[in-house]
There are 2 protein chains.
Amino acid sequence: MKPDIKYLFEPRTVAIIGASHNPEKIGYKITENIVLGGYTGKVYPVNPKGGEILGLPVCKALEEINDDIDMAIIAVPGKYVFDTVKSCAKKGVKILPVISSGFSEVGNTHEEKEIVSFARDHGMRVLGPNIFGIYSAVTSLNAAFGPSNILKGGVAIVTQSGALGGAMIGKTAVENIGLSTIVSVGNKSDIDEADLLEYLMESGQTTIILMYIEGVKEGERLVEALKKATQKKPVVVIKSGRSARGAMAAASHTGSLAGADEIFDAIMRQCGVLRAENLEEAFNWCKFLAGTSLPQGENAVIITNGGGLGVLATDACEKYGVNLYDDLEILRKIFSEVTPAFGSTKNPVDLTGQATAEHYRKALKAALAQENIHAVIALYCETAVFDLEALSSVIKENHKIYKGKKPVIFSLLGGGEIEKVIDVLIDEGVPVYSDAYDCVSSLGALYSYYHHLSEEEGITPEYDIDCDEIHTIVNTVLKEKRYFLLSHEAQTVVKAAGIPIPQSFIARNLTEAVQYAGTIGYPVVMKVVSKDIIHKSDAGGVALDLENEEEVIDAYQAIMRNARRYKRNAQITGVEVTEMVQSGTETIIGARRDASFGPIVMFGLGGIYVEVLKDVSFRAYPVTHKEVLTMMEETRSYPLLLGVRGEEQKDIDDVVETILKVGAVLNMCPPISDIEINPLVVYEHGQGVKAVDVRILLKRGDING
Amino acid sequence: MKPDIKYLFEPRTVAIIGASHNPEKIGYKITENIVLGGYTGKVYPVNPKGGEILGLPVCKALEEINDDIDMAIIAVPGKYVFDTVKSCAKKGVKILPVISSGFSEVGNTHEEKEIVSFARDHGMRVLGPNIFGIYSAVTSLNAAFGPSNILKGGVAIVTQSGALGGAMIGKTAVENIGLSTIVSVGNKSDIDEADLLEYLMESGQTTIILMYIEGVKEGERLVEALKKATQKKPVVVIKSGRSARGAMAAASHTGSLAGADEIFDAIMRQCGVLRAENLEEAFNWCKFLAGTSLPQGENAVIITNGGGLGVLATDACEKYGVNLYDDLEILRKIFSEVTPAFGSTKNPVDLTGQATAEHYRKALKAALAQENIHAVIALYCETAVFDLEALSSVIKENHKIYKGKKPVIFSLLGGGEIEKVIDVLIDEGVPVYSDAYDCVSSLGALYSYYHHLSEEEGITPEYDIDCDEIHTIVNTVLKEKRYFLLSHEAQTVVKAAGIPIPQSFIARNLTEAVQYAGTIGYPVVMKVVSKDIIHKSDAGGVALDLENEEEVIDAYQAIMRNARRYKRNAQITGVEVTEMVQSGTETIIGARRDASFGPIVMFGLGGIYVEVLKDVSFRAYPVTHKEVLTMMEETRSYPLLLGVRGEEQKDIDDVVETILKVGAVLNMCPPISDIEINPLVVYEHGQGVKAVDVRILLKRGDING
């Protein structure tokens, strides 16, 4: 029943339901764009009035069309949409881009759901509603009411904002960025980014995918699709709403620490997505990444005719993670012959203000011929006497030769003449920037992607978890209509996952107490166990730091005596004998169900680091061992686990394992919404960890349901 | 003897020594630029060949000129420069821009110094050498070998890179940024940024100052000049070399923590300078700040026709510190009549995709008429049907009316038509940006400046410091050719400045020991004092945590016994009885002489925070109480002093005072290069601080000298 999403991009026939005779109407504009765009399939405008639009005969109703219809674009007023969808079902249409608005975006969620459900039941997929349309280069289909002059190319745009989509088409045309498609996803009632990624990652026309996202609905599917897509081509994401922190209810301590954006950001990194801060940055990256090849190594070289510009670009390289080659001897060997006197063969290679276009040609040639150099940043700073035309030729020439072999990127700074050269070069598809930072940022994005591809794919390890025990505990709690586990229940859950917790026994008499203390090893803690005594300390029912048998005996007797004195008829089950936890480095780890992304795991150093410095990091589950380690390394306080001030390294491996296990428990037990271990005490390498305090919450819905 | 720097900008007569007949030469280009630029004074080309250049008679020698010469531009080969300078002295020239290179930039520092010294002795000031020249709008003087088409306006550019300066002239022309001056400072052998600021801050032609800095020579003067200048007009600084951390030797712990850039950055903030990361950002800011008025308050409003663009701009507002007005009721009152159906009167005010230019006109008018709204960000996202011309008129109209009253800034996103409108508006001096982030960043810069001006000017408090005692100690140390103070010497220095240190006495017998312990209050620490016993602990000469008289007596006897047993003939001065310092929050404070900026102070939380998280902050001395507090607040761990996890607030005032005192000591005692108190233990509010360990270093030069 699931028709191929490819008909969205490659329909053989398109019906425009609501095609209009009035040039001011969207229904006209779309028809016009389809006709002007040179769509390769057949177009059928539909309008009860009949007649002709732009020379095309208009069918009065869908049923009248004597052809199979792959795509029906619905541009009728909202109240007629459902009926239209029903007629599409009869006709056997496959894809329904719904331009019309008036659905969930204004609160009319019910009808939207009904429409989608009906469509899906009849083998149709819905794009939108509330979209500005779709453009697909592969069939030259411009079924949108945006600009008509779309440049074909390799960039696929998926946008949640229709208005921005229209403006982006205009902007890409100005910047000479060719598009393979632009899809407006609108309310995402059915087709969403994940669906589109599945097609786009396989599409030969598309070399890079740019997505504008405002909110994520089915994050788990999105993450899966992104992970696959980034293995095939770069994905750039702009996510707005960075500052909207109120979106997620703070269900737990872990939740309250995280602005939604930190989680989004971490998960995008995990997926190998290049997150741009704004449109300008995204376009800069796309312009370069759409046409360049991947580097074969880390060594970049800056060639400049202005020392100042070289220093600025060096700063930018550090900011954007571009590694400057620094083997001075090889650099001298390569560049000494092509650098004028007073120049520098160090990196940045300074050709000086006296450099001619010929100097650039030679320097570029020398750099690009070198196996040790993997990327070149060429900067030019306007000088009084210089043959700009010649430089332009050198740039074109190099771009042509090295396009598929080595990344070369250019920045030209100066006045009107320079701007003209930039325009010409951009028109020819050469990646040239005016600002050196924009230039280096784009190369940095390429390197980010290169690093992602270089990472080995890890696997999520499987652990021997006693699922039955966990489910038994959780079911018991659910039956009692509690949404939280008691301390010992939570301890038992993590123990069932193989996470070490402090040893603990309930002794029903003195002999047992002594015996258990011996089993655990000194020092121990003892606490009275009685359903009638809630405030154990007040009752004198707690004894800490008991170092030997004698102290255990004294404490046991004292606790019993105090308890009876505190509440004469208290029913005393016994005394809990617990391991006294040795101090170590305190961490907080957790797993929770994120409203957007489903299971996520988190890590932070305990106490001040999390509470005051908000020094935490996140990943979507499933995660690999490597990803958890990267997540931990992202915190500023991570060096504390490596050992500072002469301390030994801590047992980082066991922290990673514990995080993986906590994620696995959350993942296999749907009623659990939050698990937090705070503190997880970490000992020296080889000495393991201990989960001292464990909090587990259940989803509220599951209690009532 | 110090002639007014104003002749650099307003010379009545200019001689060009090295004026050339060859159009390929710099000496020709400069002459040409002066002539074409329409310089208002008299020009005298000088060349031994005589003749005519561009219609001007050429003098064979400076002496031949029958006029007083204010400025002589020296564009002769380096080896002739000194002789030329000598002839200028005879002629009574006031200002010498030296274009020629071949001096300190290639290691020829000696001759450069000689020239400057000679010039200063003869009442002349030197600009450069190794510069590309100077442009000054006030006299229409373009005495540089850059582009000739310089647009007059309010932006003054001071650049350390000549090459960048040339390119910047071109770039400003393209961006329609008018210049009041552009000065290349080159090797800064004499005239530096501080000198130029003195003139520029008073210049009526200049509304904003933009400086490109690579390195700072006399930082103290620069700081003083910047502090004054920013009170009069905005100063934007681009400092390259952010990533060059090796510039400063790590003379002490404090020093080793600071990359030079962190210090530069902190000091620029302290001076109220707007630091741009790159040229593009700097130009964006200048374009806006040169022509706008200051806001009268914090409330900004976004008006948009695209929800997505509005969200992006909201993110940008948080990033760049622009406060969005959020009184929903007033917003509704203001905008409900001018917002189309389905729009939003919240901030961002969404006029929707259906908005016309007329909607914009009304919304802008409503916003600008409102006293509660202090700045407006107007965004437009290209839509299918819209009267761009009308919008352009609305923008122009509003700019005209509100230019001097309220900041209004525009961002227009879209294709070729939009770009054309932007170009036209920019040509008319309206601050319009293509990217919303660039737009908000510029308003953010204006708000930064507004906040700086709103700050009350504080004073650096004076403390009752026992200077004589400090000098006595330091002189003793210098005499011993030590470059560090012993622990007790350092303690005495800070005590002389009124900083609390642990109480300590040397007891020469048991009675004294008991008496001192009583004076100090228990618990105390005791240590043997003997020049013959270096390793006191090994000798059993230390006793910690002595809680009463009895323990003091026992410990005294034990120490004496152990010491005699350890070294039979040891000469024992007595026993040091010291206060046992109570635990509190550990901080690190310090003061040092920065290679560029002179005295600076620093602050950080002790231990991990400084060592692992590098969480430190800096300011140039002198500082005010308020500035020290701001410096402390800049550290991420500052909340620890406010009290976390239910703790009381710490004695922040006393930390501020201690930092001020440490700065004062460094400032009044030139031989001291570094003071570091680590830890300075801070107690609860009202309980003060205690300097537990003090390290003081002296300048190495002072020891040998």
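**Figure 1. A proline in a loop of chain B.** B:Pro523 sits in the loop that runs between α19 (510-520) and β21 (524-529) of chain B. What kind of peptide bond joins B:Tyr522 and B:Pro523? It's a cis bond, with omega at about -5 degrees. As with every view here, keep in mind that this is a predicted model. For background, most peptide bonds are trans.

**Figure 2. A cis bond in a strand of chain A.** Here we look at A:Asn678 and A:Pro679, which are joined by a cis peptide bond with omega of about 0 degrees. A:Pro679 is part of strand β27, which covers residues 672-682 of chain A.

**Figure 3. B:Lys188 and its positive phi.** Most residues other than glycine have a negative phi. B:Lys188 isn't a glycine, yet its phi is positive, near 50 degrees. You'll find B:Lys188 in the loop between β11 (179-184) and α6 (193-200) of chain B. Is B:Lys188 buried or exposed? There are 23 other C-beta atoms within 10 Å of B:Lys188, so this lysine counts as buried, the cut-off being 20 or more.

**Figure 4. B:Thr352, another residue with a positive phi.** For B:Thr352, phi is near 70 degrees, again a positive value in a residue other than glycine. The loop that holds B:Thr352 links β16 (349-350) to α13 (357-369) in chain B. With 18 other C-beta atoms within 10 Å, B:Thr352 is partly exposed.

**Figure 5. Where chain A meets chain B.** How many residues of chain A are in contact with chain B? The count is 55 residues of chain A, touching 55 residues of chain B. Several helices of chain A give two or more residues to this side, among them α5 (162-174), α10 (279-289), α11 (307-320) and α15 (416-427). Also on that list are α21 (608-611) and α23 (639-642). Sorted by class, the side of chain A that touches chain B has 24 nonpolar, 18 polar and 13 charged residues. The copies meet through the same surface, because 100% of the interface residues of chain A are also interface residues in chain B.

**Figure 6. The axis that relates the two chains.** Turn chain A by 180 degrees, with 0.0 Å of shift along the axis, and it superposes on chain B with an RMSD of 0.1 Å. That's the relation of a two-fold axis. Which C-alpha of chain A is nearest the axis? It belongs to A:Tyr609, 4.9 Å away from the axis.

**Figure 7. A:Leu642 in helix α23.** This close-up shows A:Leu642, a residue of helix α23 in chain A. A:Leu642 has 13 other C-beta atoms within 10 Å and is partly exposed. A:Glu262 is 380 residues away from A:Leu642 along the chain, and their C-alpha atoms are separated by 24 Å.

**Figure 8. B:Leu96 in the largest nonpolar core.** That core has 420 residues, and A:Leu96 and B:Leu96 are the ones with the most contacts inside it. Leaving aside residues up to four places away in sequence, B:Leu96 touches several residues, including B:Ala72, B:Ile74, B:Val85 and B:Cys88. B:Arg125 is also one of the residues that B:Leu96 touches.

**Figure 9. Stepping back to chain A.** Chain A has 25 helices and 29 strands. Its C-alpha trace spans about 100 × 80 × 35 Å along the principal axes. Of the 705 residues in chain A, 52% count as buried. Among contacts in chain A between residues at least 6 apart in sequence, 71% join residues at least 24 apart.

Terms used. Residues are numbered from 1 along each chain as its sequence is written. Chains are lettered from A and ligands numbered from 1 in the order in which they are written. This is a predicted model: local features need pLDDT of at least 70, side-chain atom pairs count only at pLDDT 80 or more; totals for chains, interfaces and linings use all residues. Copies are superposed by least squares on the C-alpha atoms of residues with pLDDT of at least 70 in both. Two residues are in contact if their C-beta atoms, placed from the backbone, lie within 7 Å. Helices (H or I, at least four residues) and strands (E, at least two) are DSSP runs, numbered from the N terminus. Ala, Val, Leu, Ile, Met, Phe, Trp, Tyr, Cys and Pro count as nonpolar, Asp, Glu, Lys and Arg as charged, and the others, Gly among them, as polar. A residue is buried if 20 or more other C-beta atoms lie within 10 Å of its own, exposed if 12 or fewer, and partly exposed in between; C-beta atoms are placed from the backbone. A nonpolar core is a set of buried Ala, Val, Leu, Ile, Met, Phe, Trp, Tyr and Cys residues joined through C-beta atoms within 7 Å.
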